[in-house]
Amino acid sequence: MNKPVCFIDTESDGKLRVQQSALQILQQIQQPVVVVAVVGLYRTGKSYLMNCLAGKQKGFALGSTVESKTKGIWMWCLPHPTKSGTTLVLLDTEGLGDMDKGDQRHDINIFCLAVLLSSTLIYNSRGTIDSKTVEELQCVTELAECIKVKSSDEDADNSRDFVKFFPNFIWAVRDFTLELKIDGKDITEDQYLEFALKLKDVLGHLAKMYVDTISSGAVPCVENAVIAMAKIENEAAVKEGLEVYQSEMEKLKNSFPLELKDLTSKHQHVGSMATQSFMKRSFRDTDGNNLKSLEEKISKLFDGYQCQNKQASKRRSEDLLSSLSAPMMEKLKHGFYARPGGYDLFCKDLEDIKNKYNSQANKEFMAEEVLEEFLKQKSVDSKAILQADMQLTEKEKKIKAERQLVLDTDLKKFRAAVVEDPIT
Ligand SMILES: Nc1nc2c(ncn2[C@@H]2O[C@H](COP(=O)(O)OP(=O)(O)OP(=O)(O)O)[C@@H](O)[C@H]2O)c(=O)[nH]1
Ligand SMILES: [Mg+2]
């Protein structure tokens with residue numbers, strides 16, 4: 001973006017409205033974002049400071065009169081100056097405390113939005129940290145008290161989660177020209193701030209306000225935002241976890257069929273990777289429903305992978321069996337076994353196939369099932385061969401017997417002839 005755009009503006013009835021065009025710009029950002037928002041009293045150089053952060057001379061409009069300039073919240077997306085692959089989103093807000101406007105609710109809304117939307121919040125003030133500035137900041141902390149995170153404090157244990165939604169806080173003191181010395185000793189900026197804050201203990205108040213509002217809350221606006229945010233984040237976390245699982249398991253498919261124990265242990269390992277990825281992203285999945293949903297989805301996917309692995313094992317076993325049994329099938333086709341003793345030959349061939357198959361396919365977990373199915377099919381052939389064999393053998397016996405009878409008869413005749421008509 002070469003210039004800022006209006007992100008949130010105020011409608012004529014005073015309601016805030018998000019600009020669709022700004023949303024589209026945000027949707028197009030694929031990189032992680034760092035959101036820096038500036039808040040502070042009007043005419044304190046907020047827009048100027050944001051332009052400095054952008055490293056540009058021009059950008060957010062600056063006012064040259066005492067009239068407040070910036071209205072609503074303006075946004076500027078730029079490449080992060082130091083973190084490559086990250087987008088810096090600058091939010092310039094409408095100045096607080098403009099008496100002419102006289103609408104405190106509007107100030108509250110602008111401030112709450114800045115807190116909720118930013119990862120770093122700059123509180124901009126002008127001049128030295130005197131009691132007036134501290135008072136001003138106190139006004140801001142009072143505004144922050146309007147942020148409610150939870151309607152009841154039953155979930156105080158989850159307050160850590162809410163902290164995720166509170167930005168880092170930076171207090172920018174502008175046009176500061178005094179020497180940093182207390183009692184003649186040089187001091188650092190932080191020491192000066194601490195010294196200044198002792199005056200009214202604002203920092204403590206600010207910290208207390210954050211913690212108190214986090215664990216108990218005062219106004220309902222944020223709870224809804226947090227719930228909505230949790231829903232979005234948790235759904236994205238489930239999706240991310242599932243993607244981790246699926247992409248790893250898809251890679252594994254190339255080596256299917258796997259032994260069942262290998263497949264299961266890989267599933268467990270990849271499953272825990274998916275859970276870790278979920279945990280990293282998930283937010284306030286207090287009842288564990290999202291994690292459960294991820295586990296259910298993973299388990300469904302695993303069923304699918306098991307099925308595919310089974311099919312692959314079955315296919316491999318079938319291929320092996322069909323190549324081993326090819327000669328026997330050929331013989332069957334040509335009626336090789338249709339002969340007396342054919343059944344014995346068939347049984348012997350079948351036994352050979354079984355032995356070879358068992359020694360070559362012993363690792364396939366579907367081997368046994370496939371063999372059983374094969375033998376079941378072959379038992380039909382086997383019965384037919386046995387029957388034919390018995391019939392043929394019977395017939396042959398009959399023929400043999402008949403032949404024998406003829407031979408015997410001929411022999412008898414011959415003997416009789418010899419006996420009755422001996423050769424002299
Ligand atoms: N000397 C000096 N002038 C500044 C500084 N920052 C801003 N200004 C000037 O002060 C005027 C107001 O600055 P803006 O940045 O528009 O102030 P703002 O806080 O954004 O004002 P609103 O949007 O009306 O709330 C401009 O003319 C700036 O050039 C600074 O650090 N030093
Ligand atoms: Mg401004």
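This section describes helix 2, the metal site to which it contributes, and the pairing of strand 1 in a predicted model.

Helix 2 spans residues 46–54, and its buried residues are Lys46, Ser47, Leu49, Met50, Asn51 and Ala54. These buried residues pack against five strands, namely strand 3 (33–40), strand 4 (73–79), strand 5 (87–93), strand 6 (120–126) and strand 7 (168–174). In an α-helix, which has 3.6 residues a turn, residues three or four places apart point the same way. Just after helix 2, the backbone at Gly55 adopts a positive phi of about 75°.

One of the buried residues of helix 2, Ser47, also takes part in metal binding: the magnesium ion (ligand 2) is coordinated by the OG atom of Ser47 and the OG1 atom of Thr70, at 2.0 Å. The two residues lie 23 residues apart and link distant parts of the chain, with Ser47 in helix 2 and Thr70 in the loop between helix 2 and strand 4. Both Ser47 and Thr70 are buried.

Strand 4, against which the buried residues of helix 2 pack, is joined in turn to strand 1 (residues 5–10) by 3 bridges, the two strands running antiparallel. Within this pairing, Val5 has Met75 of strand 4 as its bridge partner. Strand 1 also pairs with strand 2 (residues 16–18), again in the antiparallel sense and over 3 bridges, and here Thr10 stands opposite Leu16 of strand 2. Strand 1 is thus paired both with strand 4 and with strand 2.

Conventions:
Residues numbered from 1 in each chain as written. Chains lettered and ligands numbered in written order. Predicted model: local features only at pLDDT ≥ 70, side-chain atom pairs only at ≥ 80, totals over all residues. Heavy atoms only, no water. Buried < 20%, exposed > 50% of the residue type's maximum accessible area, 1.4 Å probe, protein only. Helix = DSSP H or I, 4+ residues; strand = E, 2+ residues; numbered from the N terminus. Contact = heavy atoms within 4.5 Å. Pairing = 2+ DSSP bridges. Donors = N, O, S within 2.8 Å, 3.2 Å for Na, K, Ca; no water.
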